[in-house]
Amino acid sequence: MPEGDTVWNTARVLEKALTGEVLTGSDFRVPRLATTDLAGWTVAESASRGKHLLLRLTRDGRPSHTLHSHLRMEGAWRAYAPGERWTARPAHLIRVVLRTGRSVAVGYHLHEVTLVPTAEEERLVGHLGPDLLGADWDPAEAVRRIAAQPSASIAEALLDQRNLAGVGNLYKAETLFLRGLWPWTPVADVPDLTAIVELAQKLVASNRGRWTQTTTGSLRRGETSYVYGRRAQPCRRCGTAIRKADQGERITYWCPRCQPEPAGR
């Protein structure tokens, strides 16, 4: 599931495969870009912002353009050698193919695929909060944005990319477990929002550069998380069965003993 670290890693894969290369062809399997041809354009940069990928393109002194894609829950990019079989996903999920002389980048199940002048990037990602893995990371600004909605649950606030960009369900659940917070706790009742956002950033950053995501420090299968994906399994701290429930449009995991519901609620 793409979260901030996964998207950052994906940007590095595309950086290695495409940056500095002249595109020899492109294939867009989305209606708005179906007739677009990027042959002759050079990939100048591959960047990420939260769950958004930004490929910046240049050509012959023309204004640079950005190919933007959003990974959401299912999106992925893979790089292949020319002639190599594309095996990552079924062919009907392919949305973009970019070719160079030495590599082929294939985008699967991408969302919001858009080509815009780079000068207009902000209209696509300007609404996002500070990026946990970006140069603009600012915990104070993230706290300010979260605190502006005091009645929202802390779990929903962490997932809101307008507050801070890069937290998904995994890091939300794990951050709240490590801080001992019930996921439905209103933001107004959270005693230390700064500690929350700083921990979330630390967890995401700790997995930058690798595909196995861990919050426990272990990379062994079945040992990588405290609560996420562990419904009905014993809590690693107290042995209580981990619970899972719907929360808004997402699901959440928590330990009812380590993250108790506040008294009186």
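**Notebook: strand β6 and the α3/α6 contact**

I looked first at strand β1 (residues 25–28) and found it joined to β6 by four bridges, the two running antiparallel; strands here are DSSP E runs of at least two residues and helices are H or I runs of at least four, numbered from the N terminus, and two strands pair if DSSP finds at least two bridges between them. I note that this is a predicted model, in which local features need pLDDT of at least 70 and side-chain atom pairs count only at pLDDT 80 or more, while totals for chains, interfaces and linings use all residues. Residues are numbered from 1 along each chain as its sequence is written, and side-chain values use heavy atoms, with hydrogens and water left out.

I then followed the bridge partners: G25 is paired with R99 in β6. On to strand β7 (residues 104–108), which runs antiparallel to β6 and is joined to it by five bridges, with L98 opposite A105 in β7; β6 and β7 form a hairpin with four residues between them.

Is β6 (residues 94–99) mostly covered or mostly uncovered? I found five of its six residues buried, that is, under 20% relative accessible area with a 1.4 Å probe, protein chains only.

I turned next to helices α3 (residues 139–147) and α6 (residues 193–206), which pack at about 120° with axes 9 Å apart. That angle makes α3 oblique to α6, a class left over once under 35 degrees (roughly parallel), over 145 (roughly antiparallel) and 65 to 115 (roughly perpendicular) are set aside. In α3, P139, A142, V143, I146 and A147 meet L193, T194, V197 and E198 of α6, contact meaning heavy atoms within 4.5 Å.

Definitions and conventions:
Axes are lines fitted to C-alpha atoms, for helices over the stretch in contact, and angles run from 0 to 180 degrees between N-to-C directions. Buried means under 20% relative accessible area, exposed over 50%, partly exposed in between (1.4 Å probe, protein chains only).
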